[in-house]
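This report describes one protein chain and its ligand. Please consult the sequence and the model shown below.

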Amino acid sequence: MGFLKANKARSLNDLTDEEVQGLVLQDLIAYFGPRAASVQRWVIQRWNREEYSRGCHFAFCPPNIMTVYGKSLADPVGNIYFAGTEVSDRWAGFLEGAIIAGHAAAEAAIKGLSLSGREEVEPKA
Ligand SMILES: Cc1cc2nc3c(=O)[nH]c(=O)nc-3n(C[C@H](O)[C@H](O)[C@H](O)COP(=O)(O)OP(=O)(O)OC[C@H]3O[C@@H](n4cnc5c(N)ncnc54)[C@H](O)[C@@H]3O)c2cc1C
């Protein structure tokens, strides 16, 4: 698996998948030698063209967005708790952030739902 990032990736936007494969193949051979030419399967994912993400992690995060508004992403709405990586106070945008945010949301939900008078359900033995 490999990533083409930022301006390099954008410069390939108008190329066909086959053209991108040709260029990537040249690089693979240059890095790893002629055996790298026998690629078994290609999957080209153009993240910057994904309707909702429009790029890789934190594609839409110019300066000040997280420092000014980041915390509000994590605020629960009623009994809905948010657990995505973006709400993490550490490693936001990465897998580690997703795990941290998941734990934090689970703890907040347990606490919040208990405080709101809901009955706790005991797991069945
Ligand atoms: C190209 C790319 C490369 C990356 N590389 C790295 C890397 O090298 N290292 C790293 O640490 N991180 C990397 N990341 C970031 C990492 O993948 C994310 O931070 C992490 O997956 C976020 O986890 P999450 O659980 O918050 O969200 P997600 O993994 O996005 O999970 C959200 C899930 O919710 C589902 N969903 C969405 N809407 C609904 C709905 N309405 N109902 C039900 N389900 C829904 C989605 O289908 C998805 O399965 C990369 C991301 C991208 C896009």
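Into which domains is the chain divided? Domain 1 covers residues 6–49 and domain 2 covers residues 65–115.

## Overall arrangement

The model is predicted. Taken over C-alpha atoms, the centres of domain 1 and domain 2 are separated by 36 Å.

An unreviewed UniProt entry places the feature "domain: Amine oxidase" at residues 2–109. Over residues 2–109, helix accounts for 43% of the chain and strand for 0%. The end C-alpha atoms of this stretch are 38 Å apart.

## Helix H2

Helix H2 comprises 16 residues, from 17 to 32. At 1.5 Å a residue, H2 should span 22 Å, and its end C-alpha atoms are 22 Å apart, so the expected and modelled spans agree.

The helix is hardly covered, as the count of buried residues among its 16 residues is zero. Gly-33 follows H2 and has a positive phi, near 95°.

## Ligand surroundings

The residues around the ligand are Trp-47, Cys-56, His-57, Gly-84, Thr-85, Gly-93, Phe-94, Leu-95 and Ala-98. By class, this shell holds five nonpolar and four polar residues, with no charged residues.

## Annotated position Phe-3

For "binding site", the unreviewed UniProt entry lists Phe-3. Phe-3 lies in the segment before helix H1, which spans residues 6–10.

Is Phe-3 buried or exposed? Phe-3 counts as exposed because it has 10 C-beta neighbours inside 10 Å, and the cut-off for an exposed residue is 12 or fewer.

Conventions
Residues are numbered from 1 along each chain as its sequence is written. This is a predicted model: local features need pLDDT of at least 70, side-chain atom pairs count only at pLDDT 80 or more; totals for chains, interfaces and linings use all residues. Domain bounds come from an automatic or database domain assignment. A residue is near a molecule or strand if its C-beta atom, placed from the backbone, lies within 6 Å of it. Ala, Val, Leu, Ile, Met, Phe, Trp, Tyr, Cys and Pro count as nonpolar, Asp, Glu, Lys and Arg as charged, and the others, Gly among them, as polar. UniProt positions are given in the numbering used here, feature names are shortened, and annotations may be inferred rather than shown by experiment. Helices (H or I, at least four residues) and strands (E, at least two) are DSSP runs, numbered from the N terminus. A residue is buried if 20 or more other C-beta atoms lie within 10 Å of its own, exposed if 12 or fewer, and partly exposed in between; C-beta atoms are placed from the backbone. The expected span of a helix is 1.5 Å times one less than its number of residues.
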